[in-house]
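Got your viewer open? Load the model below and keep the selection box handy.

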Amino acid sequence: MAIDTVPPLINAQLTYLITHSPFPVKVEQMWSGSKNPRLLDRFTLVIPYCLDYIRWDVIYNAMYPLAAPDVIFGPDDESFQPYFGGNEKSSKNGLADWNSKDPARLLALILELRAAYVAYQRRRIGEVDDERLKFEISTLVSREGIEMYMSSINDKPEEVKFAVPLLDIDLNKLVAGSTWRHPQKIRLQVIFPVGKKYSTPPAPRLKLISSAELKALYSIEDFKLPSWLEGMCTAEYLIIVEEMLESQIKNAVSSIETRRKLIMALAPIFGRPIEADPVFCRKATFLASSGVFTFLVHFSLSLQFPKQPPAIILQSSQHFNSYGVPIKSPNLTEYPWSPRWEPSKMADRIFDFLVDESLNFKKYCGQLIQ
Amino acid sequence: MDDFPIDKIQISGATLASLLHRSSAAAGDIHGYLFGYATVSTSNSLSDHPSTTAATSLLIATITSFISLPSHLPLPPPPPATNSTALVGWFSARRRTPLRPSLKDSTTSISLSSSPTLAFTPQNSTITLPPSLFLLITTPFQDQLIHTHEYKAFQCKGNAFDPKSISIVNIGPSFRSQYDSFSPNVQFPMMDCELRGSNAMIEDSRGESLADGKRNLKDQKQLDTFSDGFEIKRLGKLMGSEAAYTDELEDLYDKMLAKFDGLSKLVEQTNAKVLEQENRNMKLRYRVAGLE
């Protein structure tokens, strides 16, 4: 038997979890709990929660992989007992009649436990004696998908984090043909200090966070959060943010078309692109030649297009450096440009610029390989 | 049911050592029941602390024995409490895991500590105590030469784990104060046998049923094999001259050594058989798990 293998039954469950989870789950480490053969049967899952991560150890038994796994929660969550929430005992849970042959069971278990964890944190925060917090919860609780987390120091509540999903629209459907695997979301993180008395409550710490893949469409860093007025509550603030965000997202979606038009306008001059990003239209590569010198032209269009001209990189198909890597030009961004031009005029002017620039680039390549 | 806080948990060094050995010798994870007793003591209330009143009584739980089985097998129905030992809690030993109660640990602990039928009454008290102890045994994540085990005791109280310190009781002058609470309980197998001659046996069996007689006969036979070569009448030979005494004693001693030798051979053979069966089981388990 190979050293350090994952028993197939456990592996099937884990692989299914990672590929089918609605949120990205990572395995931080895997190790063995058996005495002699090194069968990996324990692992730490990193699960996104409330714009942070929670780490749960899943303990299988390599000696008996047919048995249901055990879960050890984080060090701060010792009072989290999902199957003894409140007073009523739930007889049916993800561990009852465990079927090791069904690869979806681990995912179902983790989803069930995570839902229980959301409820657990909400219950815990509901018990905190803080006027403002109680009010905030009462106005926010109806929002779907809201997550809360309370961090404490020495068993005393320190601060409460909210992760509020913004915009009740499916961003994945907004972009035709998007290849996003996980549902894309923009969330507002609101952090309130609790357990202290203030004459005027300070503004909460605010941060806008989007799922990673959304960056191809819209950069959350470009969004300037409106200022928090004194005496405001989160529910009021959210309306303002959502309005601004919605119009910006709309612009971002329509700017895909603007980018697509330029790429389409480049095609009659440079020929069909040999590679192009058809979903977000952020990248396109054309093959061009100047006399016998053939080279690739890489266009990358920023989210600020057409305010910013596309960045152009030329790549020789005939000159290679000593490592065998094709020689590339530096990023070309300084050339005649106006955002008010028609796409066909933009394409013409880029072509004119490249006619001259290709000669410089050829010279540059020739110098480099000598 | 009230959850009385346990003030102190005691375990004998030998019991803890055998528990640790059992968990490190096992192929996988194990769990099992902890047996023992609890006492309420009011004598040990000498304290330098001014706030503690002299009348405080301490609830001390003592772990005397345990049973263990692999973790994938469910815990059997708990045996009924006897006079000297009761079910005080359970333990879980799992390698290379954080020293925190897991999901399964908490569900098992809560269900044990909340079942009124399992509650027992500590000595010299009127309260009832559920089996609420939980002993967690793990090993460090990195293999280490000296520090090989970690353990932590908890009392499961109202759906929450309350960490408790555990004191190890050994034999020696520094443990003398614990002697007063010592109560011996050695469990010998129940064998209803008397020392008797062959004719006495016939007399006895008259009044008994056939099955009883058969069992007694079997027990007696077993006992006879143990005492073979050490008959009572040989004691008479020890009473003679000094030379005879020495010879007889040496003979008895040799016989004893031979018996030990035979016994250890038997143990060796059975251990080999157990190992063989274990390996066979392991292979079957691997086949089931699709590892072949």
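The tour goes from the interface to the pocket and then to the cavity.

Before you click, note that this is a predicted model, in which local features need pLDDT of at least 70 and side-chain atom pairs count only at pLDDT 80 or more, while totals for chains, interfaces and linings use all residues. Residues are numbered from 1 along each chain as its sequence is written, chains are lettered from A and ligands numbered from 1 in the order in which they are written, and side-chain values use heavy atoms, with hydrogens and water left out.

**Stop one: the interface**

Colour by chain and select the contacts (heavy atoms within 4.5 Å). You should pick up 35 residues of chain A against 32 residues of chain B. The two chains bury about 3000 Å² between them, 61% of it on carbon and sulfur atoms; that is the accessible area (1.4 Å probe) lost on putting the two parts together, summed over both.

Now go to R42(A) and D29(B): they form a salt bridge, with the closest N and O atoms 2.4 Å apart. The rule here wants a side-chain nitrogen of Lys or Arg within 4 Å of a carboxyl oxygen of Asp or Glu, and it finds 1 across this interface.

Next, show the chain A side by element, using DSSP runs numbered from the N terminus (helices H or I, at least four residues; strands E, at least two). α1 (8-20), β1 (26-32), β3 (52-59) and β4 (70-72) of chain A each supply at least two residues to the side touching chain B. β4(A) gives the most, with 3 residues.

**Stop two: the largest pocket**

Select F23(A), E147(A), P183(A), K185(A) and R187(A), which lie nearest the centre of the largest pocket; its lining has 33 residues. On a 1 Å grid over the protein atoms alone, a pocket is an open set of points with protein on both sides within 12 Å along at least five of seven lines, and lining residues have an atom within 4 Å of a point. Its space comes to about 1100 Å³, a volume being what probe spheres set on the points fill, with points joined across faces, edges and corners. β2(A) gives the most to the lining, with 3 residues.

**Stop three: the cavity**

How many cavities of 30 Å³ or more does the structure hold? Just 1, a cavity being where a 1.4 Å probe fits but cannot get out. About 90 Å³ of space lies in it. Select its lining from both chains, including I72(A), F73(A), F80(A), R100(B), P101(B) and L103(B).
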